Amino acid sequence: MSDNPRRCVLLLALSWLVFTATASAEDEPADFGRDVRPVLARTCFACHGPDAESRKADLRLDDRAAAIAAEAIQPGDPAASEMVAR
């Protein structure tokens, strides 16, 4: 496996941890669309986005249903998500 998918997953996991760890009771909670999706768009969608010609491993991370179907994410159970595990 190349370093790009691992880097993408690592960046996603780190960004999610930073956003959730820095949120306090006074702060607005992390929002996927505002806080996480832009990181995915910058780092992961080139290989795992909507363009079928450049997509690697038939894994789409821009489409929630496709990511769930591929078992890349497990809604409500991050510890069981392959993206977090990687």
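How much area does the protein chain expose, and what share of it do carbon and sulfur atoms supply? In this predicted model, the protein chain exposes about 5,800 Å², of which carbon and sulfur atoms supply 55%.

**Figure 1. Overview of the helical protein chain in the predicted model.** The secondary structure of the protein chain consists of 5 helices and 0 strands, so that, read from the N terminus, the order of elements is α-α-α-α-α. Of the 86 residues in the protein chain, 22% are buried. When contacts are restricted to residues at least 6 apart in sequence, 23% of them join residues at least 24 apart.

**Figure 2. Close-up of the largest nonpolar core.** This core has 12 residues in all, namely C8, V9, L12, V36, L40, C44, F45, L59, L61, A67, A72 and M83. At least two of its residues come from each of α1 (3-22) and α2 (32-43), and α1 gives the most, with 3 residues. In soluble globular proteins, nonpolar side chains tend to be buried together.

**Figure 3. Close-up of L12 in helix α1.** L12 counts as buried because its relative accessibility is 13%, which falls under the 20% cut-off. Once neighbours within four places in sequence are set aside, L12 is in contact with V36, L40 and M83, and these three residues are listed, together with L12, in the largest nonpolar core. C44, another residue of that core, is 32 residues away from L12 in sequence, and the two C-alpha atoms are 8.6 Å apart in space.

**Figure 4. Close-up of D62 in the loop between α3 (45-48) and α4 (64-69).** D62 has a relative accessibility of 16% and therefore counts as buried. The side chains of D62 and R60 are joined by a polar contact of 2.7 Å. Leaving aside the neighbours of D62 within four places in sequence, its contacts are R37, F45, H48, G49 and P50; of these residues, F45 is also listed in the largest nonpolar core.

**Figure 5. Close-up of the second largest pocket and its lining.** The volume of this pocket is about 300 Å³. Its lining comprises 15 residues, and those closest to the pocket centre are V9, H48, L59, E82 and R86. Both α1 and α5 (82-85) supply at least two residues of the lining, with α1 giving the most, at 4 residues. V9 and L59, named here among the residues closest to the centre, are also listed in the largest nonpolar core. Beyond residues up to four places away in sequence, V9 touches M83 and R86, and R86 is likewise one of the residues closest to the centre of the pocket.

**Figure 6. Close-up of two loop residues, A57 and E71, with positive phi.** A57 is found in the loop between α3 and α4, where its phi is near 60°, a positive value in a residue other than glycine. With a relative accessibility of 71%, A57 counts as exposed. E71 is placed in the loop between α4 and α5 and has a positive phi of about 60°, although E71 is not a glycine. E71 counts as exposed because its relative accessibility is 54%, which is over the 50% cut-off.

How values were computed
Residues are numbered from 1 along each chain as its sequence is written. This is a predicted model: local features need pLDDT of at least 70, side-chain atom pairs count only at pLDDT 80 or more; totals for chains, interfaces and linings use all residues. Side-chain values use heavy atoms; hydrogens and water are left out. Buried means under 20% relative accessible area, exposed over 50%, partly exposed in between (1.4 Å probe, protein chains only). Contact means heavy atoms within 4.5 Å. Accessible areas come from the Shrake-Rupley method with a 1.4 Å probe; for residues, only the protein chains shown count as cover. A polar contact is a pair of N or O atoms within 3.5 Å; within protein, one must be able to donate a hydrogen and the other to accept it, and residues adjacent in sequence count only if both atoms are side-chain atoms. A nonpolar core is a set of buried Ala, Val, Leu, Ile, Met, Phe, Trp, Tyr and Cys residues joined through side-chain atoms within 4.5 Å. On a 1 Å grid over the protein atoms alone, a cavity is a set of points where a 1.4 Å probe fits but cannot get out, and a pocket is an open set with protein on both sides within 12 Å along at least five of seven lines; lining residues have an atom within 4 Å of a point. Grid points are joined across faces, edges and corners, and a volume is the space filled by probe spheres set on the points.
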